[in-house]
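This report introduces a protein model to a reader who has not seen it before. The sequence and structure are shown first, and a description follows.

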Amino acid sequence: MKCALVIPAWSPEEIFPSRTAAAQINYWQPLGTLYVASRLREAGHEVRFLNGAFRGREQILAELAAFAPRLVGLYSTAFGWPKAVAAAADVRGILPGACIVAGGPFPSWAGARCLQEAPALDAVAIGEAEETMVELALRLEERRDLEGVAGLAFRRGGQIVENAPRPLALDLDRFPFPARDLLGDLRAYVPPPATYRRAPVAVMITSRGCNRRCIFCFQMDRERRIRYRGVDNVIAEIRQLVAEGYREIKFLDDTLAADRSRALEIARRIRAERLDIAWFASACVHQVDEELLREFRRAGCWAILFGAESGVQKNLDALRKGIRLEQTRRAVRAAKAAGLRVHTPFIFGIPGETYAEGLETIRFACELDPDLASFHALTPFPGSELWERRHELGTVADDLSTFTYQGAAFVPRTMSREQIQELRQLAYRRFYSRPGYLVRRTLGIRSLHEVRAAWRGARSLLGLWTGRRVFSRETARDPWKRTR
């Protein structure tokens with residue numbers, strides 16, 4: 001059966017401010033969608049992937065009309081939900097007999113309510129969708145009712161039916177590797193300029209889930225556990241990526257070092273097999289040490305991300321990060337000593353945070369002196385504890401398009417939205433305008449790619465100095481307001 005998986009059309013200007021987009025824009029390989037695609041193909045179906053990051057609305061519709069799929073899957077985040085609703089209506093207009101199903105983070109949270117908001121949708125895949133989509137395709141082929149397909153809500157005539165949840169997959173090794181051959185031009189999928197060294201860049205996960213309880217994180221597994229892929233399976237995928245011409249991997253695990261011995265084994269296997277691949281990973285500051293970080297470096301890791309989040313301990317506690325400021329300091333020092341570049345994201349707008357404490361976070365970022373720092377607005381993703389407690393802890397914007405780390409969708413009672421945006425702009429100015437930092441980064445340029453990254457960063461920095469209220473934006477009505 002013909003199946004099409006679609007990310008509705010979007011543009012960078014809808015997410016990033018025009019003055020800083022050059023240094024922030026990124027095009028991730030959509031792993032969740034590619035896993036679904038590979039599982040559908042394994043089950044014998046013909047699959048096309050249409051990515052709205054590189055195709056406009058009209059092009060997507062033209063390709064769908066030419067392909068004429070029986071099953072169309074639309075991916076949606078909270079930010080992208082209005083676009084998914086519009087895309088479903090568009091697809092219904094050209095493929096009246098197709099089954100149109102929505103999936104992704106937002107539909108996984110909203111479930112059957114998506115069918116109320118999007119009359120053109122036939123079904124919603126809730127949670128991990130590999131097996132759900134395969135079973136749905138089989139039912140369509142056999143012209144059978146969708147009753148009992150775990151993890152699926154569907155429309156039956158004038159009724160909406162929500163089946164039982166689908167248990168999370170525990171044996172991740174049984175899934176085929178993501179269908180990256182559907183991506184097209186691999187070099188189009190690049191992270192922000194300063195966060196990779198070699199292209200093309202693949203993204204990869206060696207585990208699913210997280211056992212921590214940060215209030216801003218949306219996890220489908222309420223037991224907060226990590227499901228690991230076997231090391232042999234991980235190394236096999238890395239071998240395949242090298243054979244396909246990838247030169248760098250971004251590991252998207254919430255923390256690659258949650259199981260230290262396993263992380264150490266992966267690094268040593270990469271090195272022992274002489275796999276020529278650079279890589280970038282994320283880790284929690286209390287889960288790393290100098291030995292582990294040095295093994296990462298020897299195996300080709302060139303950079304690591306630590307979620308520093310705040311320079312004020314009470315605000316880290318409010319986020320339930322489970323870390324101490326001194327642990328962040330030690331982790332950054334250890335990574336630098338191991339020869340790794342360090343990226344530390346920070347957040348403004350934490351429940352109970354004041355403007356003065358935001359200034360302290362900026363000071364802490366400068367003290368840590370990582371190679372790269374980013375400053376985001378806390379976002380209350382639907383399904384997170386922050387979302388569930390949003391009215392207790394602050395206010396939430398009536399515009400889903402602000403749910404992007406950029407738009408200050410959540411505002412604590414101790415701060416204003418304008419102060420959050422002002423802190424973000426001030427943070428970027430202060431951190432990246434330090435003379436010592438500018439000299440070190442300039443002297444550290446070693447390639448044409450790094451020259452381009454530095455140029456884009458300089459343009460963005462100039463925009464931050466010359467622009468007033470760079471991160472501010474107008475808000476619109478949210479179609480989900482009545483459900484809150």
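## Terms and overall picture

Helices and strands, such as β14, are DSSP runs numbered from the N terminus, with at least four residues for a helix and at least two for a strand. A cavity is a set of grid points where a 1.4 Å probe fits but cannot get out, and its lining residues have an atom within 4 Å of a point.

The model is predicted. The protein chain contains 18 helices and 17 strands. Of its 484 residues, 58% count as buried. Among contacts between residues at least 6 apart in sequence, 74% join residues at least 24 apart.

## Cavities

The structure holds 5 cavities of 30 Å³ or more. The second largest cavity encloses about 80 Å³ of space. Its lining is formed by A194, T195, F280, W302, A303, R341, V342, H343, D371, L372 and R441. Two elements, β13 (301-306) and β14 (341-348), each give two or more residues to this lining. The largest share, 3 residues, comes from β14.

## Aromatic pairs

Across the whole structure, a search finds 16 aromatic pairs. In one of them, the ring centres of F375 and F431 are 6.3 Å apart and the planes meet at 65 degrees, so the pair is edge-to-face. This pair joins distant parts of the chain, since F375 belongs to strand β15 (residues 372-377) and F431 to helix α16 (residues 417-432), 56 residues apart. With a relative accessibility of 0%, F375 counts as buried, because the limit is under 20%. F431 likewise counts as buried, at 0% relative accessibility.

Another pair is formed by Y432 and Y437, whose ring centres lie 5.4 Å apart; their planes are at 80 degrees, so this pair is edge-to-face. Both Y432 and Y437 are buried. These four residues belong to a cluster in which ring pairs link F346, F348, F375, Y428, F431, Y432 and Y437.

## Helix α2

Helix α2 comprises 12 residues, 31-42, and spans 16 Å from its first C-alpha to its last, close to the 16 Å expected at 1.5 Å a residue. The helix is mostly covered, with 9 of its 12 residues buried. The buried residues are L31, T33, L34, Y35, V36, A37, S38, R39 and L40. After α2 comes G44, which has a positive phi near 100 degrees.

One of the buried residues of α2, Y35, also takes part in an arrangement with a charged side chain. The charged end of R208 sits over the ring of Y35, 5.0 Å from its centre.

## A second charge over a ring

Elsewhere, R113 lies over the face of W109. The distance from the ring centre is 4.6 Å.

## The loop residue T255

Where does T255 lie? T255 is found in the loop between β11 (248-251) and α9 (260-272). Is T255 buried or exposed? Its relative accessible area is 5%, and since buried means under 20%, T255 is buried. Leaving aside neighbours within four places in sequence, T255 is in contact with S282, A283, C284 and Q287.

Terms used: Residues numbered from 1 in each chain as written. Predicted model: local features only at pLDDT ≥ 70, side-chain atom pairs only at ≥ 80, totals over all residues. Heavy atoms only, no water. Buried < 20%, exposed > 50% of the residue type's maximum accessible area, 1.4 Å probe, protein only. Contact = heavy atoms within 4.5 Å. Expected span 1.5 Å × (residues − 1). Phe/Tyr/Trp six-rings, centres within 6.5 Å; stacked < 30°, edge-to-face > 60°. Lys NZ or Arg CZ within 6 Å of the ring centre and 35° of its normal. 1 Å grid on protein atoms, 1.4 Å probe; cavity = no way out; pocket = protein on both sides within 12 Å on 5 of 7 lines; lining within 4 Å. Points joined across faces, edges and corners; volume = space filled by probe spheres on them.
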